[in-house]
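Q: Please take a close look at one part of this structure and explain what surrounds it. I am a first-year student, so give the cut-off for each term as it comes up.

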Amino acid sequence: MLLGWGVYLADRRYRLRLRENIALIGADSRLIRRAVSEAGKSVTELAAIWGRDEASVLALVREVRGWDSVEALQARGIVFLTPHLGCFEIASIYIAARREMTVLYRKPKLAALIPLMEAGRARRGVELAPADLSGVKMLLKALKMRRSVGILPDQVPSSGDGVWLPFFDRPAYTMTLPARLAIQTHSAVVMVAAERLALGRGYRLHFEPLDLPADVERATACINAAVETLAKRFPAQYLWSYNRFKTPQHAQRPDAAPARTEA
(Lines give C-alpha, C1' and ligand atoms only; values in the text may rest on other atoms or scores of the structure.)
Protein backbone atom coordinates (compact mmCIF):
# COMPACT_ATOMS: atom_id res chain seq x y z
CA MET A 1 0.00 0.00 0.00
CA LEU A 2 2.73 2.48 1.03
CA LEU A 3 4.79 1.53 -2.02
CA GLY A 4 1.85 2.37 -4.29
CA TRP A 5 1.52 5.82 -2.75
CA GLY A 6 5.26 6.41 -2.85
CA VAL A 7 5.40 5.79 -6.59
CA TYR A 8 2.18 7.73 -7.19
CA LEU A 9 3.45 10.84 -5.41
CA ALA A 10 7.01 10.67 -6.75
CA ASP A 11 6.36 9.93 -10.42
CA ARG A 12 4.28 12.60 -12.17
CA ARG A 13 3.93 10.65 -15.42
CA TYR A 14 2.76 7.55 -13.53
CA ARG A 15 0.29 9.66 -11.56
CA LEU A 16 -1.18 11.38 -14.64
CA ARG A 17 -1.49 8.10 -16.56
CA LEU A 18 -3.29 6.34 -13.71
CA ARG A 19 -5.73 9.21 -13.28
CA GLU A 20 -6.32 9.56 -17.03
CA ASN A 21 -6.95 5.84 -17.52
CA ILE A 22 -9.21 5.34 -14.51
CA ALA A 23 -11.24 8.38 -15.59
CA LEU A 24 -12.48 6.18 -18.44
CA ILE A 25 -14.87 4.55 -15.97
CA GLY A 26 -15.82 7.81 -14.28
CA ALA A 27 -13.75 7.20 -11.18
CA ASP A 28 -14.10 9.49 -8.17
CA SER A 29 -11.32 10.42 -5.73
CA ARG A 30 -12.18 7.52 -3.41
CA LEU A 31 -11.74 4.95 -6.16
CA ILE A 32 -8.48 6.57 -7.24
CA ARG A 33 -7.14 6.24 -3.70
CA ARG A 34 -8.13 2.58 -3.59
CA ALA A 35 -6.54 1.94 -6.99
CA VAL A 36 -3.25 3.49 -5.86
CA SER A 37 -3.20 1.28 -2.76
CA GLU A 38 -4.06 -1.86 -4.73
CA ALA A 39 -1.31 -1.10 -7.26
CA GLY A 40 1.18 -1.07 -4.41
CA LYS A 41 -0.09 -4.42 -3.18
CA SER A 42 0.39 -5.92 -6.64
CA VAL A 43 4.14 -5.31 -6.30
CA THR A 44 4.69 -6.23 -2.65
CA GLU A 45 2.75 -9.49 -2.92
CA LEU A 46 5.14 -10.77 -5.61
CA ALA A 47 7.63 -11.75 -2.91
CA ALA A 48 4.97 -13.91 -1.29
CA ILE A 49 3.99 -15.49 -4.61
CA TRP A 50 7.43 -16.01 -6.15
CA GLY A 51 9.28 -16.77 -2.93
CA ARG A 52 7.02 -19.40 -1.36
CA ASP A 53 6.68 -23.07 -2.17
CA GLU A 54 3.74 -24.18 -4.29
CA ALA A 55 1.65 -25.55 -1.41
CA SER A 56 1.94 -22.29 0.52
CA VAL A 57 0.95 -20.24 -2.51
CA LEU A 58 -2.06 -22.43 -3.30
CA ALA A 59 -3.20 -22.09 0.32
CA LEU A 60 -3.69 -18.37 -0.36
CA VAL A 61 -6.53 -19.21 -2.76
CA ARG A 62 -9.55 -19.05 -0.45
CA GLU A 63 -12.34 -19.50 -3.01
CA VAL A 64 -12.70 -20.53 -6.64
CA ARG A 65 -15.68 -19.75 -8.82
CA GLY A 66 -16.30 -21.30 -12.22
CA TRP A 67 -13.72 -24.09 -12.18
CA ASP A 68 -16.49 -26.56 -12.95
CA SER A 69 -16.87 -24.85 -16.33
CA VAL A 70 -13.16 -25.45 -16.94
CA GLU A 71 -13.54 -29.11 -16.00
CA ALA A 72 -16.15 -29.41 -18.76
CA LEU A 73 -13.49 -28.28 -21.27
CA GLN A 74 -10.77 -30.73 -20.23
CA ALA A 75 -10.84 -32.59 -23.55
CA ARG A 76 -9.83 -29.42 -25.43
CA GLY A 77 -6.90 -27.07 -25.44
CA ILE A 78 -7.64 -23.99 -23.33
CA VAL A 79 -6.41 -20.42 -23.73
CA PHE A 80 -6.54 -18.83 -20.28
CA LEU A 81 -6.63 -15.02 -20.44
CA THR A 82 -5.60 -13.23 -17.25
CA PRO A 83 -5.71 -9.41 -17.45
CA HIS A 84 -3.63 -7.03 -15.33
CA LEU A 85 -6.08 -7.31 -12.46
CA GLY A 86 -5.64 -8.35 -8.84
CA CYS A 87 -2.96 -10.97 -8.20
CA PHE A 88 -2.78 -12.32 -11.75
CA GLU A 89 0.49 -14.12 -10.91
CA ILE A 90 -1.31 -16.66 -8.74
CA ALA A 91 -3.71 -17.75 -11.47
CA SER A 92 -1.18 -19.76 -13.50
CA ILE A 93 0.08 -21.52 -10.36
CA TYR A 94 -3.45 -22.62 -9.48
CA ILE A 95 -4.20 -23.79 -13.03
CA ALA A 96 -0.88 -25.60 -13.48
CA ALA A 97 -1.51 -27.61 -10.30
CA ARG A 98 -4.44 -29.14 -12.18
CA ARG A 99 -3.30 -29.29 -15.82
CA GLU A 100 -0.03 -28.60 -17.64
CA MET A 101 0.31 -25.02 -18.77
CA THR A 102 2.55 -22.97 -21.05
CA VAL A 103 2.65 -19.28 -20.11
CA LEU A 104 3.71 -16.47 -22.42
CA TYR A 105 5.92 -13.94 -20.65
CA ARG A 106 7.94 -10.86 -21.47
CA LYS A 107 11.25 -10.42 -19.68
CA PRO A 108 11.35 -7.37 -17.39
CA LYS A 109 13.46 -4.38 -18.42
CA LEU A 110 15.43 -4.67 -15.18
CA ALA A 111 17.78 -7.60 -15.80
CA ALA A 112 18.24 -8.29 -12.08
CA LEU A 113 14.56 -9.31 -11.84
CA ILE A 114 14.77 -11.97 -14.58
CA PRO A 115 16.08 -14.86 -12.40
CA LEU A 116 13.54 -14.11 -9.66
CA MET A 117 10.66 -13.90 -12.13
CA GLU A 118 11.61 -17.06 -13.99
CA ALA A 119 12.12 -19.04 -10.77
CA GLY A 120 8.81 -17.79 -9.36
CA ARG A 121 6.82 -18.53 -12.49
CA ALA A 122 8.42 -21.81 -13.59
CA ARG A 123 6.65 -24.03 -11.08
CA ARG A 124 5.65 -27.65 -11.44
CA GLY A 125 3.41 -27.90 -14.48
CA VAL A 126 4.34 -24.42 -15.80
CA GLU A 127 6.41 -24.01 -18.95
CA LEU A 128 7.57 -20.48 -19.81
CA ALA A 129 7.34 -19.28 -23.40
CA PRO A 130 9.23 -16.11 -24.40
CA ALA A 131 7.28 -13.36 -26.14
CA ASP A 132 8.77 -14.04 -29.57
CA LEU A 133 8.24 -16.41 -32.49
CA SER A 134 9.71 -19.36 -30.60
CA GLY A 135 7.29 -18.73 -27.74
CA VAL A 136 4.32 -18.59 -30.11
CA LYS A 137 5.36 -21.96 -31.52
CA MET A 138 5.44 -23.35 -27.99
CA LEU A 139 1.90 -22.10 -27.34
CA LEU A 140 0.66 -23.53 -30.60
CA LYS A 141 2.22 -26.92 -29.86
CA ALA A 142 0.70 -27.02 -26.39
CA LEU A 143 -2.81 -26.29 -27.68
CA LYS A 144 -2.51 -28.89 -30.42
CA MET A 145 -1.70 -31.38 -27.65
CA ARG A 146 -4.88 -30.20 -25.86
CA ARG A 147 -2.98 -28.56 -23.04
CA SER A 148 -3.38 -25.06 -21.62
CA VAL A 149 -1.70 -21.76 -22.32
CA GLY A 150 -1.78 -18.51 -20.38
CA ILE A 151 -1.63 -15.00 -21.85
CA LEU A 152 -2.06 -11.44 -20.55
CA PRO A 153 -4.60 -10.22 -23.14
CA ASP A 154 -4.26 -6.51 -22.31
CA GLN A 155 -0.50 -6.36 -22.77
CA VAL A 156 0.47 -4.10 -25.67
CA PRO A 157 2.12 -6.20 -28.42
CA SER A 158 5.07 -5.16 -30.52
CA SER A 159 4.55 -3.45 -33.86
CA GLY A 160 2.94 -5.72 -36.43
CA ASP A 161 1.53 -8.15 -33.85
CA GLY A 162 -1.71 -6.33 -33.13
CA VAL A 163 -4.65 -4.34 -34.39
CA TRP A 164 -6.22 -1.04 -33.28
CA LEU A 165 -9.50 -1.73 -31.48
CA PRO A 166 -11.64 0.11 -28.94
CA PHE A 167 -10.84 -0.32 -25.28
CA PHE A 168 -13.08 1.81 -23.08
CA ASP A 169 -13.98 3.68 -26.27
CA ARG A 170 -10.36 4.61 -27.01
CA PRO A 171 -8.20 3.09 -29.77
CA ALA A 172 -5.79 0.60 -28.18
CA TYR A 173 -3.18 -1.49 -29.98
CA THR A 174 -4.38 -4.97 -29.10
CA MET A 175 -2.73 -8.36 -29.51
CA THR A 176 -4.50 -10.76 -31.86
CA LEU A 177 -2.48 -13.75 -30.67
CA PRO A 178 -5.08 -15.21 -28.24
CA ALA A 179 -7.81 -15.13 -30.88
CA ARG A 180 -5.55 -16.53 -33.59
CA LEU A 181 -4.40 -19.39 -31.39
CA ALA A 182 -7.92 -20.29 -30.28
CA ILE A 183 -9.36 -20.19 -33.79
CA GLN A 184 -6.48 -22.09 -35.41
CA THR A 185 -6.49 -24.91 -32.84
CA HIS A 186 -10.25 -24.93 -32.05
CA SER A 187 -9.36 -24.31 -28.41
CA ALA A 188 -11.60 -22.96 -25.67
CA VAL A 189 -11.01 -19.51 -24.20
CA VAL A 190 -11.44 -18.78 -20.49
CA MET A 191 -11.15 -15.39 -18.79
CA VAL A 192 -9.54 -15.46 -15.36
CA ALA A 193 -9.69 -12.85 -12.60
CA ALA A 194 -7.63 -13.23 -9.45
CA GLU A 195 -9.52 -11.04 -7.00
CA ARG A 196 -7.53 -9.80 -4.02
CA LEU A 197 -9.51 -10.17 -0.78
CA ALA A 198 -9.52 -7.45 1.85
CA LEU A 199 -7.20 -7.38 4.88
CA GLY A 200 -4.70 -9.80 3.35
CA ARG A 201 -7.11 -12.72 3.56
CA GLY A 202 -5.95 -14.27 0.27
CA TYR A 203 -7.54 -14.48 -3.16
CA ARG A 204 -10.73 -15.49 -4.93
CA LEU A 205 -10.34 -16.86 -8.47
CA HIS A 206 -13.00 -16.40 -11.14
CA PHE A 207 -13.05 -18.59 -14.29
CA GLU A 208 -15.43 -17.56 -17.08
CA PRO A 209 -15.49 -19.25 -20.53
CA LEU A 210 -15.67 -16.87 -23.46
CA ASP A 211 -17.49 -17.76 -26.68
CA LEU A 212 -15.61 -16.11 -29.56
CA PRO A 213 -16.57 -15.64 -33.23
CA ALA A 214 -14.40 -17.30 -35.88
CA ASP A 215 -13.10 -13.99 -37.25
CA VAL A 216 -9.82 -12.89 -35.63
CA GLU A 217 -10.55 -9.17 -35.41
CA ARG A 218 -14.09 -9.65 -34.10
CA ALA A 219 -12.82 -12.22 -31.61
CA THR A 220 -10.12 -9.83 -30.43
CA ALA A 221 -12.74 -7.11 -29.95
CA CYS A 222 -14.74 -9.55 -27.81
CA ILE A 223 -11.66 -10.16 -25.65
CA ASN A 224 -11.20 -6.42 -25.14
CA ALA A 225 -14.85 -6.18 -24.10
CA ALA A 226 -14.39 -9.05 -21.64
CA VAL A 227 -11.39 -7.32 -20.07
CA GLU A 228 -13.48 -4.13 -19.77
CA THR A 229 -16.20 -6.09 -17.98
CA LEU A 230 -13.73 -7.44 -15.42
CA ALA A 231 -12.14 -4.02 -14.91
CA LYS A 232 -15.58 -2.53 -14.21
CA ARG A 233 -16.41 -5.37 -11.81
CA PHE A 234 -13.17 -4.93 -9.85
CA PRO A 235 -12.25 -1.30 -10.65
CA ALA A 236 -9.83 -0.72 -7.78
CA GLN A 237 -7.82 -3.83 -8.66
CA TYR A 238 -7.29 -3.18 -12.36
CA LEU A 239 -3.79 -1.88 -13.14
CA TRP A 240 -4.77 1.53 -14.50
CA SER A 241 -1.16 2.70 -14.35
CA TYR A 242 -0.25 0.37 -17.23
CA ASN A 243 0.33 2.31 -20.46
CA ARG A 244 -2.43 0.50 -22.34
CA PHE A 245 -2.85 3.19 -25.01
CA LYS A 246 0.77 3.62 -26.04
CA THR A 247 1.94 3.33 -29.64
CA PRO A 248 4.62 0.67 -30.21
CA GLN A 249 7.54 1.80 -32.32
CA HIS A 250 6.67 1.83 -36.05
CA ALA A 251 3.00 1.00 -35.35
CA GLN A 252 0.81 3.44 -37.29
CA ARG A 253 -2.02 4.93 -35.26
CA PRO A 254 -5.48 5.38 -36.74
CA ASP A 255 -6.21 9.01 -37.67
CA ALA A 256 -8.76 9.41 -34.87
CA ALA A 257 -6.41 8.24 -32.13
CA PRO A 258 -5.04 10.84 -29.68
CA ALA A 259 -1.25 10.94 -29.49
CA ARG A 260 0.46 9.03 -26.68
CA THR A 261 4.19 8.49 -26.51
CA GLU A 262 5.94 5.20 -25.86
CA ALA A 263 6.96 4.66 -22.23
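A: What follows begins with the segment after helix H10, and then goes on to the cavities, a pair of helices, a pocket and a buried strand residue.

This is a predicted model, in which local features need pLDDT of at least 70 and side-chain atom pairs count only at pLDDT 80 or more, while totals for chains, interfaces and linings use all residues. Residues are numbered from 1 along each chain as its sequence is written, and side-chain values use heavy atoms, with hydrogens and water left out.

The chain has 10 helices and 9 strands. Both are DSSP runs numbered from the N terminus, with at least four residues for a helix (H or I) and at least two for a strand (E). Of the 263 residues, 52% are buried. Buried means under 20% relative accessible area, exposed means over 50%, and partly exposed lies in between, with a 1.4 Å probe and protein chains only.

The segment after H10 (216-233) holds Pro 235. Pro 235 is counted as buried because its relative accessibility is 18%. Beyond its neighbours within four places in sequence, Pro 235 is in contact with Ile 25, Leu 31 and Trp 240, where contact means heavy atoms within 4.5 Å. Ala 35 is 200 residues from Pro 235 in sequence, yet their C-alpha atoms are 7.5 Å apart. For the chain as a whole, 71% of contacts between residues at least 6 apart in sequence join residues at least 24 apart.

Ser 241 also lies in the segment after H10. Its relative accessible area is 9%, so Ser 241 is buried. With neighbours within four places set aside, Ser 241 is in contact with Tyr 14, Arg 17 and Leu 18.

Residues with numbers close to these also line cavities. On a 1 Å grid over the protein atoms alone, a cavity is a set of points where a 1.4 Å probe fits but cannot get out, a pocket is an open set with protein on both sides within 12 Å along at least five of seven lines, and lining residues have an atom within 4 Å of a point. Grid points are joined across faces, edges and corners, and a volume is the space filled by probe spheres set on the points. There are 2 cavities of 30 Å³ or more.

The largest cavity holds about 80 Å³. Of its 16 lining residues, Glu 38, Ala 39, Gln 237, Tyr 238 and Leu 239 lie nearest its centre. Helix H3 (residues 29-51) gives the largest share of this lining, 4 residues. By class, the lining has 9 nonpolar, 5 polar and 2 charged residues. Here Ala, Val, Leu, Ile, Met, Phe, Trp, Tyr, Cys and Pro count as nonpolar, Asp, Glu, Lys and Arg as charged, and the others, including Gly, as polar.

The second largest cavity has a volume of about 40 Å³. Its lining includes Tyr 238, Leu 239 and Trp 240, as well as Asn 21 and Phe 167. This lining divides into 6 nonpolar, 1 polar and 1 charged.

Now to a pair of helices. H8 (residues 133-144) and H9 (residues 177-185) pack at an angle of about 35°, with axes 10 Å apart. Axes are lines fitted to C-alpha atoms, for helices over the stretch in contact, and angles run from 0 to 180 degrees between N-to-C directions. Val 136, Leu 139, Leu 140, Leu 143 and Lys 144 of H8 meet Leu 177, Leu 181, Gln 184 and Thr 185 of H9. This contact has 6 nonpolar, 2 polar and 1 charged residues.

The second largest pocket holds about 340 Å³. Among its 17 lining residues, Leu 104, Ala 131, Pro 157, Asp 161 and Leu 177 are closest to its centre. Strand E3 (101-105), H8 and H9 each supply at least two residues of that lining.

Last comes Val 149, in strand E5 (residues 148-151). Val 149 is buried, with 0% relative accessible area. Leaving aside neighbours within four places, its contacts include Ile 78, Phe 80 and Met 101, and also Leu 139 and Leu 143, two of the H8 residues that meet H9.
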